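Colleague: I would like to learn how to read a structure, one feature at a time. Where should we begin?

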Amino acid sequence: MIETVDDLDLQVSTRPDLAAATRAARDFLAALGVSCDNPGMRKSPQRMAEAYAAMITARPFEMTTFPNDERYDELVVVKSIPVQSVCEHHLLPFVGLAHVGYLPADRILGLSKFARVVEMFAHRPQVQERLTQQIARWLDDQLAPKGVGVVIEAEHMCMTLRGVRAPGTVTRTSAVFGVIRDIPESRAEFFSAVAK
Ligand SMILES: [Zn+2]
């Protein structure tokens with residue numbers, strides 16, 4: 001089974017138009033009273049456009065799953081995967097860690113691919129709750145495991161820098177499917193594994 005990100009229903013599907021984004025960034029900053037005429041800021045609109053393009057564009061990758069030839073049947077947990085996203089309400093970054101676990105059935109996924117799956121869904125305007133569910137649902141669809149769980153802990157710059165201005169606040173979300181949702185022992189094993 002081979003899937004690429006091109007097959008997926010991505011919110012950000014077109015290539016960014018960096019020239020148009022640079023012009024818009026210059027206008028946006030001017031409207032806020034920020035001039036880009038001084039030497040230090042002359043290229044800032046372009047850098048701003050490139051920075052946002054990088055934050056909302058996931059690198060393409062080939063998603064390959066493998067048959068579970070060893071019949072591995074214990075919980076696999078991949079912890080502390082970096083999460084870098086932007087909230088869709090303020091277009092400000094939120095950053096943190098994702099912990100992913102699954103109980104394999106017939107298919108397994110290369111361990112390095114979990115970080116790519118997280119990136120694929122994180123690099124677009126997001127809300128943390130939906131991001132958590134999309135990662136879990138996608139793994140559930142691709143691997144048809146006995147169970148899958150995703151926990152994300154992240155700090156949102158829109159809470160740190162504006163509004164309530166509460167730096168250090170961590171938002172924790174989780175999504176669980178299959179036996180990790182339904183069987184109390186599996187659920188407890190998953191949540192204690194990601195808490196350590
Ligand atoms: Zn926000």
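Modeller: Begin with burial, in a model that is predicted. Cys87 has 4% relative accessibility, so Cys87 counts as buried, because buried means under 20%.

Colleague: Is His90 buried, exposed or partly exposed?

Modeller: The general idea is to place the value between two cut-offs: under 20% is buried, over 50% is exposed, and what falls in between is partly exposed. His90 has 35% relative accessibility and therefore counts as partly exposed.

Colleague: Which protein donors does the zinc ion have?

Modeller: To read a metal site, list the donor atoms, then look at their distances and their spacing in sequence. Here the zinc ion has as protein donors the SG of Cys87, the ND1 of His90 and the SG of Cys158, at 2.2 to 2.3 Å. The spacing of these donor residues in sequence is C-x2-H-x67-C. Water is not among the atoms of the model, so a site may look incomplete.

Colleague: Next, a residue in a loop. Where does Asn68 lie, and what does its side chain meet?

Modeller: For a single residue, take its place in the chain, then its burial, then its partners. Asn68 sits in the loop that runs between strand S2 (62–67) and strand S3 (76–87). With 4% relative accessibility, Asn68 counts as buried. A polar atom of the Asn68 side chain is 2.9 Å from the backbone oxygen of Ala105. Apart from neighbours within four places in sequence, Asn68 has contacts with Pro104, Ala105, Asp106, Arg107 and Ile108.

Colleague: How do I read a pocket? Which residues line the second largest pocket?

Modeller: Ask for its volume, its lining and the character of that lining. The second largest pocket holds about 240 Å³ of space. Its lining includes Pro16, Leu18, Phe28, Met48, Tyr52 and Ile56. Helix H1 (18–31) and helix H2 (44–55) each provide at least two lining residues, and H1 gives the most, with five. By class, the lining has 11 nonpolar residues, no polar and no charged ones.

Colleague: And the protein as a whole: how many helices and strands does it have?

Modeller: Here one reads totals. There are seven helices and eight strands. The C-alpha trace spans about 65 × 40 × 25 Å along its principal axes. Of the 196 residues, 37% are buried. Among contacts with a separation of 6 or more, 69% join residues 24 or more positions apart.

Note on methods: Residues numbered from 1 in each chain as written. Predicted model: local features only at pLDDT ≥ 70, side-chain atom pairs only at ≥ 80, totals over all residues. Heavy atoms only, no water. 1 Å grid on protein atoms, 1.4 Å probe; cavity = no way out; pocket = protein on both sides within 12 Å on 5 of 7 lines; lining within 4 Å. Points joined across faces, edges and corners; volume = space filled by probe spheres on them. Helix = DSSP H or I, 4+ residues; strand = E, 2+ residues; numbered from the N terminus. Nonpolar A, V, L, I, M, F, W, Y, C, P; charged D, E, K, R; others polar. Donors = N, O, S within 2.8 Å, 3.2 Å for Na, K, Ca; no water. Buried < 20%, exposed > 50% of the residue type's maximum accessible area, 1.4 Å probe, protein only. Polar contact = N/O pair within 3.5 Å; in protein donor to acceptor, adjacent residues only side chain to side chain. Contact = heavy atoms within 4.5 Å.
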